[in-house]
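Work through the exercises below with the sequence and the model side by side. Each task is followed by a solution that goes step by step.

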Amino acid sequence: MGANPIWQAEELARFLHCPRRVYLDRRAGRHPAGPELAARAAETRARLQAGAAVVEEAVLTDGRLTARFPCLEREAGASRLGSFRYRPRVAAADGRDLVDGLLTALAGLPLLTALQGAEPAIRLAGAGGGEVDFDPARGRAFVHWARQRLEAFLAAGEEPYPHPVAACAACPWQAACRARREGDDHLSLVAGIRPRQIRLLEVAGIRTVAGLAASGPETRVPGLGRATLERLRLQARLQLEARRRGSPVTVVLPAEPGRGLARLPAPAPGDLGAGVEEQPGADGGVRVTAVWWGRLNAPAQVSRTAGEEGHLFRVLAEALAGLAAAGGDLARRHPALWAVLTRQEPRFRGLVPGQPLLQPGESPQAAARRLALLLDHSYLVVQGPPGTGKTWTGAALVVDLLRAGRRVGVMAHSHQVVAHLLEGVAAAAAGAGLSVPMLQKVSGPGQAARVPDLQVVTAARRVERALRDRQPVLVGGTAWLFARRALTGKLDVLVMDEAGQLSLADALAAGQAADALILLGDPRQLNQPVQGSHPPGAAVSVLEHLLEGRPIVPPERGIFLDESRRLHPDLAGFLSRWVYEGRLRAHPACAGQAVGGGKPWAGTGLRFVPVAHHGRRTASPEEGEVVARLWQALVGRPWRGRSGRLRRLGPEDVLVVAPFNAQVTLLQHLLPPGARVGTVDKFQGQEAPVVLYSLAASSLEDLPRGAEFLFSLNRLNVAVSRAQALAVLVANPGLLTAAPPGLEALALMNTVAALVLEATVVPPEATGP
């Protein structure tokens, strides 16, 4: 293989599935080169330069990389070839094959781009017959990272062990690899064993089926529960006995109370039974779409909770039913809701629809305040990325509305968010010398805003009575409050904060309370919490619905707050490129923020600490130890903030973030009291000079909730954007050295790969004080 290997684009996907496949192919000489390859590449170049409509089985090479394209299609567009250029076309009936074909095309795309002087999109054709164009930027960083790993693997020339993987079924080396495992009596031969369990057993010194079968009840394997270990031990013993006898051996396992089907209630008259609904998944597997059971005349058996929650769901249901009953009359009865539902452009008095809402020389904050007063039975979107002053802007425009005599409601998905905005309104009103009567409906203690003279109620009827008597000017509450029929049309404007976490259904139900809506939020931060599985579109937030997948609100549909007063330019630049289409910038005062002391932690920007580990799902002691050393190394260092004043970093200045509660618990035990540790969700809206982000999982196959959760662009954005100057990612590099399970996962892993590539890499042994 050598120190400077030549490689093929199709080897990239194979490497991500199974490095051994690449090793064996090369050892067997399945790596064409020489005159034949040069001739095919020359033929391809000639056909492209001649302008052929379609070039099939195209081959391009630069002497280091060889790329095969099943199909290159000509399309209009200026290039070095003339008034046309070529794009790769990838077609596959299976979702995984489509991703593999896309990875191959992405790996070879630089050769095509260099030839024609223009980078095309990649046309994808799936099993459903539809075709879409894939932007190479959504996978370029991941492919670059994977290519580095592949080239390092080829240069090392070491033979990997033939661990079984999903790609074995279609591999020509399947029989040879299985024979090797059988000869080694490898643990993978134990039926039902998982790769994570194999690694944990090997770390404990158990490496064969016979060794597992011979282990006694006193054996302990860190990371494996006793019941799991006993089940695996029994299975190994059964298989050894079956080998000896030459026929299968079975054991009937006893039923376990409280597990599996034993959790169902005893049969009774009126039972409806149970069912599981399944649909084929895009990856060739099966997706469970519903699991249900029920019983007639026994609502307590099928209701998750009783009491107020059931009543609140009825409130929302009735509100939505009212909208449905309005039918075609909705545009007249609730024009603002109709505009939201049908994604019409917002309307403002005196303004021509379709024109940019931000005037030349006007700040986004000033534009939002101006437009709020001009709303004409419509809606306004104010998108606020981290640190851009969304709450300040929202509070200021609420005060402007109140001063103009409007009756305003403040709504969010939680009482805490409502309280936060009400506190901002109170501060803005005090600064303007305005006295604002406020009323907040809460459901329990500790939820009310800390505002003098705030009227706090727990019964919605008191809000209804107060509005009927025209007492309060400003009312705060959740969707449950504003969706009540008695509140329909009682407000002039309803301000929905954190609208990226507010479902479209909730927004429509609650929006009936007002003539106009103002939506504050950012769909690129944490989206609405969703439980269960829903039809496509049912789980989107109101902002996602209006933006239709766009990361930035269009200039004719809303206001984008483009200047962060939190993020150093190094961090703002990364998030701007990968999250906000280049639109986000840092306030000039943020450029002076920096961590002092010696390297590698002095300065600003991104750091990546690679920590290797195996078999970790939601908690990694290896990463925990590194984070603990890093925390100790950071606390006490000099810190220069926006004001230019120097001080020492304290425990409150370092946020420690993890995606899983198990890792949070582990880190809380490793760090001293006073350390700020929590999940991404806990720290939304907060900031600190430094953020440490520990991913915890060892590999994609170890993830309990799928790649979309761990690599969520929204979560990464929130985690990094809590930092004012320095963001440190602590993770196993093996997380990115795996085949993405789908197109969306590829795009998400691409952004994490971009962070890793842009960050300064710090070895884990260099993390100490």
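In these exercises, a residue counts as buried under 20% relative accessible area, as exposed over 50%, and as partly exposed in between, with a 1.4 Å probe and protein chains only. The model is predicted, so local features need pLDDT of at least 70 and side-chain atom pairs count only at pLDDT 80 or more, while totals for chains, interfaces and linings use all residues. Residues are numbered from 1 along each chain as its sequence is written, and side-chain values use heavy atoms, with hydrogens and water left out.

**Exercise 1.** Find Arg 468 and decide whether Arg 468 is buried or exposed.

Solution. Start with the location: Arg 468 belongs to helix 17, which covers residues 460-468; helices (H or I, at least four residues) and strands (E, at least two) are DSSP runs, numbered from the N terminus. Next, take the relative accessible area of Arg 468, which is 54%, so this residue is exposed. Finally, look around it: Arg 468 is part of a positive surface patch together with Arg 462, Arg 465, Arg 470 and Lys 490. Such a patch is made of residues with over 30% relative accessible area and no salt bridge, like charges being joined within 9 Å and nonpolar side chains (Val, Leu, Ile, Met, Phe, Trp, Tyr) within 5 Å.

**Exercise 2.** Which residues form a nonpolar patch on the surface with Leu 234?

Solution. Leu 234 sits in helix 9 (residues 226-245), and its relative accessibility of 31% makes it partly exposed. Its partners in the nonpolar patch are Val 251 and Leu 253, and together the three residues have about 250 Å² of accessible area, a value that comes from the Shrake-Rupley method with a 1.4 Å probe.

**Exercise 3.** Describe the salt bridge between Asp 702 and Arg 199, and explain why the pair ties together parts that are 503 residues apart in sequence.

Solution. A salt bridge is a side-chain nitrogen of Lys or Arg within 4 Å of a carboxyl oxygen of Asp or Glu, and the whole structure holds 42 of them. In this pair, the closest N and O atoms of Asp 702 and Arg 199 are 3.0 Å apart. Because Asp 702 lies in the loop between strand 25 (688-694) and helix 25 (707-710), whereas Arg 199 lies in helix 7 (residues 195-203), the pair ties together parts 503 residues apart in sequence. As a last step, check the surroundings: Asp 702 is buried at 1% relative accessible area, and Arg 199 is buried at 18%.

**Exercise 4.** Which bond leading to Pro 600 is cis, and where does Pro 600 lie?

Solution. The peptide bond from Lys 599 to Pro 600 is the cis one, with omega near 10 degrees. Pro 600 is placed in the loop between strand 19 (594-595) and strand 20 (605-610). For background, most residues other than glycine have a negative phi, and most peptide bonds are trans.

**Exercise 5.** What is the phi of Glu 548, and what is that of Glu 581?

Solution. For Glu 548, phi is near 50 degrees, a positive value in a residue other than glycine; Glu 548 lies in the loop between helix 20 (542-547) and strand 16 (558-560) and is partly exposed at 46%. For Glu 581, phi is about 50 degrees, again positive although Glu 581 is not a glycine. Glu 581 is in the loop between helix 21 (569-578) and strand 18 (585-586), and with a relative accessible area of 55% Glu 581 is exposed.

Notes
Lys and Arg count as positive and Asp and Glu as negative; His and the chain ends are not counted. The place of a charge is taken as NZ of Lys, CZ of Arg, CG of Asp or CD of Glu.
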